[in-house]
Amino acid sequence: MYNNPAIPAAAGAGSGTLAMTGAGDVFWFALAAFALLALGLAIKRIVPVRVSK
């Protein structure tokens with residue numbers, strides 16, 4: 001499993017070719033938007049909320 005370099009190389013080549021096609025840009029923008037949304041929701045859950053009287 002760890003001695004076969006073909007599997008990690010294939011995974012790296014697949015992600016590299018996806019970025020070079022131009023069609024992969026939409027994927028990366030969607031992934032970045034999802035990550036920013038998840039970060040915002042995580043921060044919202046951490047920050048304490050004041051209860052109004």
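What percentage of the 53 residues of the protein count as buried? In this predicted model, the figure comes to 2%. The accessible surface of the protein amounts to about 5100 Å², and carbon and sulfur atoms account for 74% of that area. As for secondary structure, the protein has two helices and zero strands.

One part of the surface can be picked out by its side chains. Here L36, L39, I43, I46 and V47 make a nonpolar patch of about 520 Å². A good residue to find in the structure above is L39, a member of this patch that sits in helix α2, which covers residues 24–46. L39 has a relative accessible area of 48%. Because this value falls between the limits of 20% and 50%, L39 counts as partly exposed.

Aromatic rings offer another feature to look for. A search of the whole structure turns up one aromatic pair. The partners are F27 and W28, whose rings lie 5.0 Å apart, centre to centre. Their planes meet at 65°, and since an angle over 60 degrees counts as edge-to-face, the pair is given that label. How exposed or buried are the two partners? F27 is partly exposed, with a relative accessible area of 42%, and W28 is also partly exposed, at 36%.

Conventions: Residues are numbered from 1 along each chain as its sequence is written. This is a predicted model: local features need pLDDT of at least 70, side-chain atom pairs count only at pLDDT 80 or more; totals for chains, interfaces and linings use all residues. Side-chain values use heavy atoms; hydrogens and water are left out. Helices (H or I, at least four residues) and strands (E, at least two) are DSSP runs, numbered from the N terminus. Buried means under 20% relative accessible area, exposed over 50%, partly exposed in between (1.4 Å probe, protein chains only). Accessible areas come from the Shrake-Rupley method with a 1.4 Å probe; for residues, only the protein chains shown count as cover. Patches are made of residues with over 30% relative accessible area and no salt bridge: like charges are joined within 9 Å, nonpolar side chains (Val, Leu, Ile, Met, Phe, Trp, Tyr) within 5 Å. A salt bridge is a side-chain nitrogen of Lys or Arg within 4 Å of a carboxyl oxygen of Asp or Glu. Rings of Phe, Tyr and Trp (its six-membered ring) pair if their centres lie within 6.5 Å; planes under 30 degrees apart count as stacked, over 60 as edge-to-face and the rest as tilted.
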